[in-house]
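Me: Hi! I've just opened this one and would love a friendly tour. Could you walk me through it?

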Amino acid sequence: MTQEELTTLEVTKSVDARGTSCPGPLLAAKKAMGEINSGDVLEVLSADEGTKKDIPKWATKKKHEYLGTVEESGFFKIFVKKG
Amino acid sequence: MSDTVEQRLEKLEKKFNELEDSRKDQLTMVVMSDDLDKMLAAFIIAVGAAAMDTKVKMFFTFWAISALRKEQVKQAKGKDLTAKMFGTMLPKGLRQLKLSKMNMEGIGKHMIKGIMKHNNVSSLDELLATAGELGVDIDICTMSMDLMGFKKEEMIDYPNLGYAGVATFLADAGESSMQLFI
């Protein structure tokens with residue numbers, strides 16, 4: 001997805017994991033994913049740069065679809081569609 | 001007479017299924033060190049794997065088992081002199097672990113803990129609690145328990161705590177897709 005598409009994406013659930021470090025954002029994403037339905041979009045906010053690489057790996061393993069990352073000042077918005 | 005294509009396919013399919021079934025999505029880990037830094041690595045990997053829905057089995061052996069002791073002051077009764085000495089000199093619980101380098105009589109350890117807090121890294125206590133919630137199994141090596149003279153009543157309360165020997169580790173490691181020694 002392009003950056004523009006990502007910023008206008010309809011998000012079902014957003015989880016703010018900026019107050020945690022690895023593996024905190026992953027745990028937050030796992031928990032939030034359990035609360036939404038297949039096809040819903042989850043947004044993960046993380047200040048940890050590693051999460052950018054971790055979430056796509058996790059998504060692939062869990063058969064979710066990684067949509068992309070938007071970089072804000074000092075944190076990242078990572079979008080994943082539940083599989 | 002050589003096999004028909006169907007027969008060969010069938011054999012291949014059987015072999016493929018065998019291979020696919022032989023390795024579970026499981027991580028087995030030997031934790032031997034009682035260094036704070038190594039223990040931190042062990043628990044971050046364990047919790048991360050559990051977050052990815054990988055089954056995690058940790059085997060605590062030798063020095064590492066003292067990290068799973070309660071922080072109680074009194075030692076269990078019925079110990080000989082060596083066991084008492086081990087009991088006194090080794091760390092009691094995760095909070096008493098030292099850094100493998102730059103510990104500087106505990107100054108380095110406190111500095112690291114401060115930096116970890118500043119960077120929102122979970123403490124070992126928090127990681128252990130999360131591991132428990134996520135169903136990470138911990139087995140303690142009974143042979144090491146006997147060597148150090150530790151008793152079961154001296155060990156922490158953890159939801160998935162067990163006691164086992166090397167065969168349990170080997171059997172679990174054999175069916176795991178990942179094995180680590182820390």
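Me: Let's jump right in: which strands does helix 7 of chain B lie across?
Reply: Helix 7, residues 166-174 of chain B, lies across strand 1, strand 2, strand 3, strand 4 and strand 5 of chain B. Its direction is at about 145° to strand 1 of chain B. One thing to keep in mind as we go: this is a predicted model.

Me: Good to know. What scores does the model get for ipTM and pTM?
Reply: The ipTM is 0.82 and the pTM is 0.86. For chain B, the mean pLDDT is 92, with 98% of its residues at 70 or more.

Me: And which element of chain B has the lowest mean pLDDT?
Reply: That's helix 1 of chain B (residues 5-22), with a mean of 85. At the other end, strand 2 of chain B (residues 55-60) has the highest, 97.

Me: Back to those strands. What order do they take in the sheet of chain B?
Reply: The order is 4-3-2-1-5, in an open sheet of five strands with parallel pairing. Strand 4 (161-164) and strand 5 (176-181) of chain B are at the edges; each has a single partner strand, so one side of each has no neighbour in the sheet. From one strand to the next, the twist averages 20°.

Me: Does anything else sit on the sheet, or what does helix 2 of chain B touch there?
Reply: Helix 2 of chain B packs on the sheet and touches strand 1 (24-31), strand 2 and strand 5 of chain B. The direction of helix 2 makes about 155° with that of strand 2 of chain B.

Me: How many bridges join strand 1 of chain B to strand 2 of chain B?
Reply: Six, and the two strands run parallel. If you want a spot to look at, B:Thr28 stands opposite B:Lys57 in strand 2 of chain B. Strand 1 of chain B is also joined to strand 5 of chain B, by five bridges and again in parallel. There, B:Leu27 has B:Met178 as its bridge partner.

Me: What about the pairing of strand 3 and strand 4 of chain B, how many bridges there?
Reply: Four bridges, in the parallel sense, with strand 3 of chain B covering residues 137-141. One of the partners to look for is B:Leu161 in strand 4 of chain B, which is matched with B:Ile138.

Me: I clicked on B:Asp139. Buried or exposed?
Reply: B:Asp139 is buried: 20 other C-beta atoms lie within 10 Å, and 20 or more is what it takes to count as buried. This residue is found in strand 3 of chain B.

Me: Which residues is B:Asp139 in contact with, apart from its sequence neighbours?
Reply: Leaving aside those within four places in sequence, B:Asp139 is in contact with B:Lys57, B:Phe59, B:Gly162, B:Tyr163, B:Ala164 and B:Thr168. As for B:Gln179, it is 40 residues from B:Asp139 in sequence and 15 Å away in space, C-alpha to C-alpha.

Me: Zooming out, how many helices and strands are in chain B?
Reply: Seven helices and five strands. The radius of gyration of chain B is 21 Å, well over the 16 Å that the globule rule gives for 182 residues, so the chain is more spread out than a compact globule. Along its principal axes, the C-alpha trace spans about 75 × 45 × 30 Å, and 29% of the residues of chain B count as buried.

Me: New topic, chain A! How many helices and strands there?
Reply: Three helices and four strands, which run α-β-α-β-α-β-β from the N terminus on. The radius of gyration of chain A is 11 Å, close to the 12 Å from the globule rule for 83 residues, so chain A is as compact as a globular protein of that length. Buried residues make up 33% of chain A.

Me: And A:Lys57, buried or exposed?
Reply: A:Lys57 is exposed, with 12 other C-beta atoms within 10 Å. Its place is in helix 3 of chain A, residues 51-61.

Me: Last one: how many residues does each chain bring to the contact?
Reply: Chain B brings 11 residues and chain A brings 12. On the chain B side, helix 2 (residues 36-51) gives the most, with four residues. That side of chain B divides into five nonpolar, five polar and one charged residue.

Note on methods. Residues numbered from 1 in each chain as written. Chains lettered and ligands numbered in written order. Predicted model: local features only at pLDDT ≥ 70, side-chain atom pairs only at ≥ 80, totals over all residues. Contact = placed C-beta atoms within 7 Å. Nonpolar A, V, L, I, M, F, W, Y, C, P; charged D, E, K, R; others polar. pLDDT = per-residue confidence, 0-100. Rg over C-alpha atoms; globule rule 2.2 N^0.38 Å. Pairing = 2+ DSSP bridges. Axes fitted to C-alpha atoms, helices over the stretch in contact; angles between N-to-C directions.
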